[in-house]
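Q: I'd like a close look at one part of this model, namely how the protein is divided up and what sits around the join. Please walk me through it in plain terms.

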Amino acid sequence: MTKEQLLDLIAQMTLEEKVAQLLQLTANFHEGTDSESQITGPMEEMGLTEGMVSASGSVLGLSGAQTVIDVQKSYLSKSRLGIPLMFMADVVHGFKTIFPIPLAIGSSWDTELAEKSAEIAAKESAVAGIHVTFAPMVDLVRDPRWGRVMETTGEDPYLNSLFSRAFVRGYQGDLKDPDRLAACVKHFAAYGAPEGGRDYNTVDMSERNLREYYLPAYRAAVEEGVEMVMTSFNTVDGIPASGNEKLMRGILRDEWNFDGVLISDWASIHEMIAHGAAEDDCEAAYRAIRAGVDIEMMTPCYVHHLPALVQSGKVDEAMIDEAVLRILQLKDKLGLFENPLRAADPEREREVVFCEEHRQVSYELATKSIVLLKNENHVLPLAQDKKVALIGPFAQSEDILGWWSCEGVKEDATKLGTALEERLQAGNLVMAEGSGVHSITPEQVEEALQAAQQSDIIVLALGEESAMSGEGGSRTDIRLPEAQLALVKHLKQVGKPLAVVLFNGRPLDLHGVFDEADAVVEAWFPGSEGGAAIADILIGKVNPSARLTMSFPQSVGQVPVYYNRFNTGRPLDPKKNEERYVSKYIDSPNEPLLPFGYGLSYTTFEYSDLRVSSEEMTAELPLTISVQVKNIGVLAGVETVQLYIRDISGDVVRPLRELKGYVKLELAPGETGKAVFTLSEEQLRYHHSDLSFKSDPGKFQLFVGSNSRDTLTQSFRLAASN
Ligand code: BGC
């Protein structure tokens, strides 16, 4: 439809019909999905009339081709103007084929495969009737206590922006294709920086910090053409995001020219009352609509109060029309006016969803997301003729999909024990539970010890259950539960090599595990094909190549600990650890246990011959940087060569390292490869104290290596521009 046609449609709508378009409700409000009593219960609770529900513009969390078709048909049969309903859901890391959690996908440093995963997730959910996904979540994170770190790709603004773009491309493609979804980037803004890592807590930071670290990944999504943005629950500079005019109208719409749909997070308009930023729902509605929030998710502030606010002249009806237009434009882009059922098709749904081809991509992404954290004496890969004892609460666990796998079926996931059994010689695997996630009994210990004694190597599958991360899953103690640490101690007594496989949704404090184990494999929540992927890594069919995108702290006492930190005026010289008046802890190293970019391979890569094309960079002349990388082991492997810089004297203090690029090299044993980077003046720009975005002439250092800690280095100067 043309804009004129849509405006014409809006002109025919009553104020109540317009406001209902701004209301989003869950599936149980809609006929055909639930019994009468369940429909009327929540309706009464929210004070909604049937008219409001039957004219509401979008629905949350409903899927299944036939159900969606029924709801859409029944909705349209009652619609005066024939405006179709839009179906939205949280398709975060897959629909039925579940991919590894986003923090794991980040560890792959493989944006192409990430894009592919989003394309598959879009296809599976589109045929099941969904039009919009509440993804990608691109909040930058530095605090592993926060449960939602599992939903992000980590602590680096550059890498997060690359993934943000990849996910948006993967979900949306060309929206004319009914197998794609509109994406909704979230949670704008800075939801990933809650004080103390406690979910929904206060966020407070300087505007410079916000712009430099937290905003780039949302902006990248907007530049990539994301159709929707979701507000966050938190305050930004003291004002709840959902009522924050400067953030929404100022930065998002005026500065970034975002003209898509802005949706609140679940109840976040109403929650302005609890924040202390609105006296009642009416004031909350007023603040949100002025800030430019188009859709209100799951609270009725808009439907109850916007009509009166318009009638009293406090809110201009043009503001409502503007929001309705954006919503109708999205419905139109999705092709819903011509085909309200879009891709929903029960037959195709059966063919497409969880098909072999999709599972294969999930498997591949899982193998690329699993990070080898330690491997002393090459205990891994498992030798063919060795007897293996697989022990632990995750040895045969189905809980490997991770939080936000709403439609994923746990029972369909490939379990580690089953996959390993298929791969090892008959009779070479014994299994024991050893402990529960939180409990341990003498009988479990006894059985585990017996299994261990019969074997040459112990593989211990430990972790957090999925509900220990995700939304509302913040923790203050991020060690493994005590029962599992006790199990490690018992098995350590056996004196056999110990390889630990970890299932978890956040960087953990690995006290009680890391030093005790000979090898540690970080499997995250690896998704539908997780067991197969881990087993293939354990037996060496796949050589691990993933790299951490979030630092693993020594303990929570260090948090936040992240790689792109400042040096301080009194940096600790590691050789003079006894010095007192320097920036350090007296009971812990400053460095994290495992830094950003870190990950091992079964082979070893040797770096040499770092070359920079010139000692001086100019605005016109970028530098070419190269390094030789040799595979000095006996297995083929993939190395992720990383380029970092440090601006030595900034207008404001600059981080010790900033990632500027990376190159993957696939090298056969003995082969030498060359990683080549280009670095231009543009990549040296940042927000100065007056918020201007520019570079500083002067001295820089660059670093190239296999992670943010172990690097070769050189210096160069940026010439002053005339
Ligand atoms: C979460 C969002 C999610 C929404 C809808 C909220 O609680 O913060 O990320 O998209 O629920 O399910």
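A: A quick word on terms: the domain bounds here come from an automatic or database domain assignment. Keep in mind, too, that this is a predicted model. With that said, the protein splits into domain 1 (3–9 + 19–32 + 45–349), domain 2 (356–556) and domain 3 (605–718).

Let's zoom in on domains 1 and 2. Measuring over C-alpha atoms, their centres sit 35 Å apart. Each side puts 45 residues into the contact. Together they bury about 3500 Å², with 62% of that on carbon and sulfur atoms. There's polar chemistry as well: 27 residue pairs make polar contacts across the join, and 3 salt bridges link the two domains. If you want a salt bridge to click on, try Lys368 with Asp110, where the closest N and O atoms are 3.4 Å apart.

Now for the ligand. It has 13 residues around it, and the closest are Asp90, Arg148, His187, Asp265 and Glu471. By the domain bounds, Asp265 falls in domain 1 and Glu471 in domain 2. Asp265 has a polar side-chain atom 2.6 Å from a ligand oxygen, and Glu471 has one 2.8 Å from a ligand oxygen. Lys186 also joins in, with a side-chain N or O atom 2.9 Å from an oxygen of the ligand. On its own the ligand would expose 310 Å², and the protein buries 92% of that. As for the make-up of the surrounding shell, you get 7 nonpolar residues, 1 polar and 5 charged.

Technical notes
Residues are numbered from 1 along each chain as its sequence is written. This is a predicted model: local features need pLDDT of at least 70, side-chain atom pairs count only at pLDDT 80 or more; totals for chains, interfaces and linings use all residues. Side-chain values use heavy atoms; hydrogens and water are left out. A residue is near a molecule or strand if one of its heavy atoms lies within 4 Å of it. A polar contact is a pair of N or O atoms within 3.5 Å; within protein, one must be able to donate a hydrogen and the other to accept it, and residues adjacent in sequence count only if both atoms are side-chain atoms. Accessible areas come from the Shrake-Rupley method with a 1.4 Å probe; for residues, only the protein chains shown count as cover. Ala, Val, Leu, Ile, Met, Phe, Trp, Tyr, Cys and Pro count as nonpolar, Asp, Glu, Lys and Arg as charged, and the others, Gly among them, as polar. Contact means heavy atoms within 4.5 Å. Buried area is the accessible area (1.4 Å probe) that two parts lose on being put together, summed over both. A salt bridge is a side-chain nitrogen of Lys or Arg within 4 Å of a carboxyl oxygen of Asp or Glu.
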